[in-house]
Amino acid sequence: MIDSDSIHELLQTLLRNKTRSFLTGFGVFWGVFMLVGLMGGGAGMKEMLSNNFEGFATNAAMIWEQQTTKPYHGFRKGRFWSLTTGDVERLRAQVPQMDVISPIVSKWGVQAVHGDHKYNSNVKGQLPEYAKVEAPKMFYGRFLNEMDIAQQRKVCVLGKRVYKNLFPQGGDPCGQLIRLDSAYYTVVGVNYASGNMSINGSADEAVSIPLSLMQSAFNKGEEIDLIAFTACKGTAVSDITPRIREVIARAHDIDPTDEKAIMVFNTEVLFGLLDNLFEGVDLLIWLVGIGTLLTGAIGVSNIMMVTVRERTTEIGIRRAIGATPRIILTQIISESILLTAVAGLSGIVFAVLILQMLEMGFTEDGIVQSHFQVSFWTAIGAAALLAALGVLAGLAPAARAMAIKPVDAMREE
């Protein structure tokens, strides 16, 4: 085991080689800092991007209409058309692989008023099933339910930004009335969903009301703006997309191969791209971090070689008075671990402090939006890796120390 005399001798050697020692320690410090910092930063960035899709089903897709780009059945290209509630029923009947099907009707620029407070909001007519496509985060009250739809209740759910503008004093607004255009609606919930997926407008700027009420109150008739749906478990959205286009195209005299006329936005592809992106980022982080650590370990090995060379006489004398090769091996490797640990643990502490400061910058309303810290077991793993590198860095110097013969050491003296 390493003793106080060995530590004193090591420190003396390090002081005699200040520049080399500093560069060696800095190499290990920087390697650990890079590894831990990049891992924490990568985790925080992943969480930040994931928050943009918070609550959104990974097997969901959106359908909306655009101008036709191909002539069909005597109709010219460039024709305008609209989705209807009939399309929803056709899809339910003819595409059984679709699980949740929820139409949406929207109107932008509707002034929401409560007392002296006003806000230009986006009113969305939705069904309760939409919560299975984009899960709400209810801060107060509830989301829309089946009774709201059946009875066309004049109720609404406020988005976060709408709520903060209409009720700046805070508190539970459920049961209070707000005015949308000329009609009054009872607030039944506040949705704090923070995702940035804009489905006919952002959720935090929207006022959600029952779809049936939206169609009658805003004279929308049977037309709908968008159909949100999820695929059944085990079914990929891309597998049923051609069938979806075929069902809708047949009802509206559109070429089923006209993909631009019947737009289907598949979020499975988006989530797949994100997963692949972060797998590549994680691999890059490990390559950069471990590469830098190995560079530092080579530096430690070099400084320990210098230590052994400058302590040739001491090691020879210890061998002469009975020190076994195992004792010499343990001493050199322990000193290598000490040098690696001091620099490496300093790097871990510094990286954790930087990540904590970064995390504080992503705090809103006292809630951390993205966690940049590494886990406890990640820190333990980094410490174990440091110990292993310290052992590896000390092997070559230890082998040189064990090869020193007392006679040769005395002759060098």
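Tutor: A charge is said to sit over a ring if NZ of Lys or CZ of Arg is within 6 Å of the ring centre and within 35 degrees of the ring normal. Please keep in mind that what we are reading is a predicted model.

Student: What makes Arg-79 a case of a charged end sitting over the ring of Phe-75?

Tutor: The charged end of Arg-79 is 4.3 Å from the centre of the Phe-75 ring, and the limit for that distance is 6 Å, so the distance condition is met; the charged end is also listed as sitting over the ring.

Student: Which ring lies under the charged end of Lys-160?

Tutor: That ring belongs to Tyr-192, and the charged end of Lys-160 sits over it at 5.2 Å from its centre.

Student: Why is the pair of Phe-139 and Tyr-192 called stacked?

Tutor: Rings pair if their centres lie within 6.5 Å, and planes under 30 degrees apart count as stacked; the centres of Phe-139 and Tyr-192 are 4.1 Å apart and their planes stand at 10 degrees, so this pair is stacked. The two residues are 53 apart in the chain, with Phe-139 in strand 5 and Tyr-192 in the loop between strand 8 and strand 9. Ring pairs also link both of them with Tyr-140, Tyr-163 and Phe-167 into a cluster, and the whole structure holds five aromatic pairs.

Student: How do you know whether Phe-139 and Tyr-192 are buried or exposed?

Tutor: Buried means under 20% relative accessible area and exposed means over 50%, with partly exposed in between. Tyr-192 has 15% relative accessibility and therefore counts as buried, whereas Phe-139, at 45%, counts as partly exposed.

Student: Why is strand 9 described as largely enclosed by the rest of the structure?

Tutor: Strand 9 covers residues 206-210, and five of its five residues are buried, so the description follows.

Student: What makes strand 4 and strand 6 partners of strand 9?

Tutor: Two strands pair if at least two bridges are found between them. Strand 4 (residues 117-126) runs parallel to strand 9 and is joined to it by five bridges, with Lys-124 standing opposite Ser-208. Strand 6 (residues 155-159) pairs with strand 9 in the antiparallel sense over two bridges, and here Leu-158 has Val-207 as its bridge partner.

Student: Why can Leu-294 belong to a nonpolar surface patch?

Tutor: Patch residues need over 30% relative accessible area, and Leu-294, which is partly exposed, has 42%, so that condition is satisfied. Leu-294 lies in helix 8 (residues 267-310), and together with Trp-286 and Ile-290 it makes a patch of about 260 Å².

Methods: Residues are numbered from 1 along each chain as its sequence is written. This is a predicted model: local features need pLDDT of at least 70, side-chain atom pairs count only at pLDDT 80 or more; totals for chains, interfaces and linings use all residues. Side-chain values use heavy atoms; hydrogens and water are left out. Buried means under 20% relative accessible area, exposed over 50%, partly exposed in between (1.4 Å probe, protein chains only). Helices (H or I, at least four residues) and strands (E, at least two) are DSSP runs, numbered from the N terminus. Rings of Phe, Tyr and Trp (its six-membered ring) pair if their centres lie within 6.5 Å; planes under 30 degrees apart count as stacked, over 60 as edge-to-face and the rest as tilted. Patches are made of residues with over 30% relative accessible area and no salt bridge: like charges are joined within 9 Å, nonpolar side chains (Val, Leu, Ile, Met, Phe, Trp, Tyr) within 5 Å. Accessible areas come from the Shrake-Rupley method with a 1.4 Å probe; for residues, only the protein chains shown count as cover. A salt bridge is a side-chain nitrogen of Lys or Arg within 4 Å of a carboxyl oxygen of Asp or Glu.
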